[in-house]
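Hello,

Here is the structure I promised to pass on to you. Please open it alongside this message, and my notes follow below.

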Amino acid sequence: MTTPLAEEIRLLIAAEGPMPVSRYMALCLGHPRHGYYITRDPLGARGDFTTAPEISQMFGELIGLWAVAAWQQMGMPDPVRVVELGPGRGTLMADALRAARLVPAFGAAARVHLVETSPVLRQAQARTLAVHEDRVSDRVSWHVRIEDVPAGPAIVLANEFFDALPVDQYVWTVTGWHERRVGLGPDGRLSFGLDPAPSRAAPALAAHLPPPAPGAVLEVMESGPARALSARLAAEGGIALAIDYGHAGGHGDTLQALKAHRFADPLADPGAADLTAHVDFARLALLGREAGLTAFGPLQQGDFLARLGLAARAERLMRDAAPEAADAIATAARRLAGTGDGEMGRLFKVLALAHPQLGPPPAFDPSEEFTR
């Protein structure tokens with residue numbers, strides 16, 4: 001099988017030479033005609049993957065209560081920008097705002113800003129928020145970039161956003177770090193290869209890591225959105241919450257493709273499969289610290305949700321539900337916070353970036369400040 005985007009990428013490589021992994025990833029996800037996120041709704045059973053907000057309303061509800069507590073910690077600014085990066089179908093925001101109705105002043109102050117490039121998902125978000133009881137859709141704005149969100153104090157939510165940012169990859173050999181590129185193999189198919197010249201950029205990017213072993217892979221996430229977010233919070237005030245699968249720094253090749261809820265070859269179907277990489281939370285924290293923010297975590301998602309009261313919320317919902325629905329609620333809670341196969345509690349991490357005047361965000365302890 002081939003895709004229209006595969007043909008375009010082959011022509012680009014034939015004309016310009018092998019391309020960095022980051023450019024390949026950016027084309028696969030965001031090409032204006034054939035990009036994965038431009039052409040489809042990837043979520044749910046009919047899509048390629050399922051995110052935490054789609055598993056259970058409990059996830060978004062707890063995040064909504066966290067946002068209210070963060071707003072109170074910020075001094076209850078009115079208005080406050082409630083920003084979500086990569087908001088999927090709008091499920092998390094809808095559930096969060098419903099839970100936040102417990103504090104009417106927050107709902108009155110909130111101005112919702114969704115940073116989304118996909119026209120398909122923008123339509124889904126609009127449909128989801130249009131049925132919200134408080135007519136929140138009247139106060140929703142969409143933006144392509146973080147920089148386009150109007151000035152003012154902000155609470156920023158980023159659930160499975162940073163994993164979709166393009167990454168560069170470098171491989172350690174006897175002659176140093178060499179950039180991994182996407183080129184054409186002898187059969188004309190897309191294939192990975194190494195730039196024959198050692199990279200000039202990689203040594204500085206790897207300086208904070210332990211000495212690499214032969215074949216070690218260094219992944220470096222595109223830093224533009226993290227820098228823009230951090231600069232915004234440092235200048236305007238606020239807190240960001242990043243929830244994603246990832247690690248706290250190190251070497252490793254984590255580039256992966258998902259299609260129909262199964263892992264796939266990242267080069268097989270450009271534009272028709274999701275491409276992601278595990279988030280380097282240490283780098284995300286360091287980018288925040290460079291801008292003058294304080295970083296807290298990363299915590300495991302299971303621990304974070306436990307601190308927010310997942311068990312009590314699940315118990316309440318189960319008490320009011322029919323037996324079969326109660327079983328589904330218990331299963332969803334385990335999937336969100338458990339540590340077994342297919343469960344998200346350990347693999348997913350939570351990092352907070354806060355204006356330095358605010359102190360530890362809700363659910364984080366002072367001892368959990370990132371100081372590396």
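**Aromatic pairs and a cavity**

Phe 162 is buried, with a relative accessible area of 3%. Please keep in mind that this is a predicted model, so every value here is computed from predicted coordinates. The neighbour in sequence, Phe 161, has a relative accessible area of 15%, and because buried means under 20%, Phe 161 counts as buried too.

How many aromatic pairs does the structure hold? There are seven. Phe 161 and Phe 162 make one of them: their ring centres are 5.0 Å apart and the planes meet at 80°, so this pair is edge-to-face. Tyr 36 and Tyr 37 also pair edge-to-face, because their planes stand at 80°, here with 5.2 Å between the centres. Both of these tyrosines are buried. You will also find one aromatic cluster, formed by Phe 296, Phe 304 and Phe 364. Another ring to look at is that of Phe 192: the charged end of Arg 180 sits over it, 5.6 Å from the ring centre.

Tyr 37 has a polar partner as well. Its side chain is joined to that of Asp 274 by a polar contact of 3.0 Å. Asp 274 belongs to strand β13, which covers residues 274-276. Is Asp 274 buried or exposed? With a relative accessibility of 3%, Asp 274 counts as buried.

Now back to Phe 162, which helps to line the largest cavity. The structure holds four cavities of 30 Å³ or more, and the largest has about 70 Å³ of space. Besides Phe 162, its lining includes Leu 165, Val 167, His 247 and Ala 277. Which elements give two or more residues to this lining? They are β9 (217-221) and β14 (279-280). The largest share comes from β9, with three residues; Glu 219, Val 220 and Met 221 are in the lining. Val 279 and Asp 280 are lining residues too, as is His 278. Sorted by class, the lining has seven nonpolar residues, two polar ones and two charged ones.

Asp 280 leads on to the next helix. Besides lining the cavity, Asp 280 caps the N-terminal end of α11, with a side-chain oxygen 3.1 Å from the backbone nitrogen of Ala 282. Helix α11 runs over residues 281-290 and is mostly covered, with seven of its ten residues buried. Which residues of α11 are buried? They are Phe 281, Ala 282, Arg 283, Leu 284, Ala 285, Leu 287 and Gly 288. Just after the helix, Gly 292 takes a positive phi of about 100°.

One last residue for you to find is Arg 316, in helix α13 (residues 310-319). Its relative accessibility is 43%, so Arg 316 counts as partly exposed. How far apart in space are Arg 316 and Leu 11? From C-alpha to C-alpha they are 57 Å apart, with a separation of 305 residues in sequence.

If you want a place to start, try Phe 162, which is in an edge-to-face pair and in the lining of the largest cavity. From there, Asp 280 takes you from that lining to the start of α11.

Happy viewing, and best wishes

Terms used. Residues are numbered from 1 along each chain as its sequence is written. Side-chain values use heavy atoms; hydrogens and water are left out. Buried means under 20% relative accessible area, exposed over 50%, partly exposed in between (1.4 Å probe, protein chains only). Helices (H or I, at least four residues) and strands (E, at least two) are DSSP runs, numbered from the N terminus. A polar contact is a pair of N or O atoms within 3.5 Å; within protein, one must be able to donate a hydrogen and the other to accept it, and residues adjacent in sequence count only if both atoms are side-chain atoms. Rings of Phe, Tyr and Trp (its six-membered ring) pair if their centres lie within 6.5 Å; planes under 30 degrees apart count as stacked, over 60 as edge-to-face and the rest as tilted. A charge sits over a ring if NZ of Lys or CZ of Arg is within 6 Å of the ring centre and within 35 degrees of the ring normal. On a 1 Å grid over the protein atoms alone, a cavity is a set of points where a 1.4 Å probe fits but cannot get out, and a pocket is an open set with protein on both sides within 12 Å along at least five of seven lines; lining residues have an atom within 4 Å of a point. Grid points are joined across faces, edges and corners, and a volume is the space filled by probe spheres set on the points. Ala, Val, Leu, Ile, Met, Phe, Trp, Tyr, Cys and Pro count as nonpolar, Asp, Glu, Lys and Arg as charged, and the others, Gly among them, as polar.
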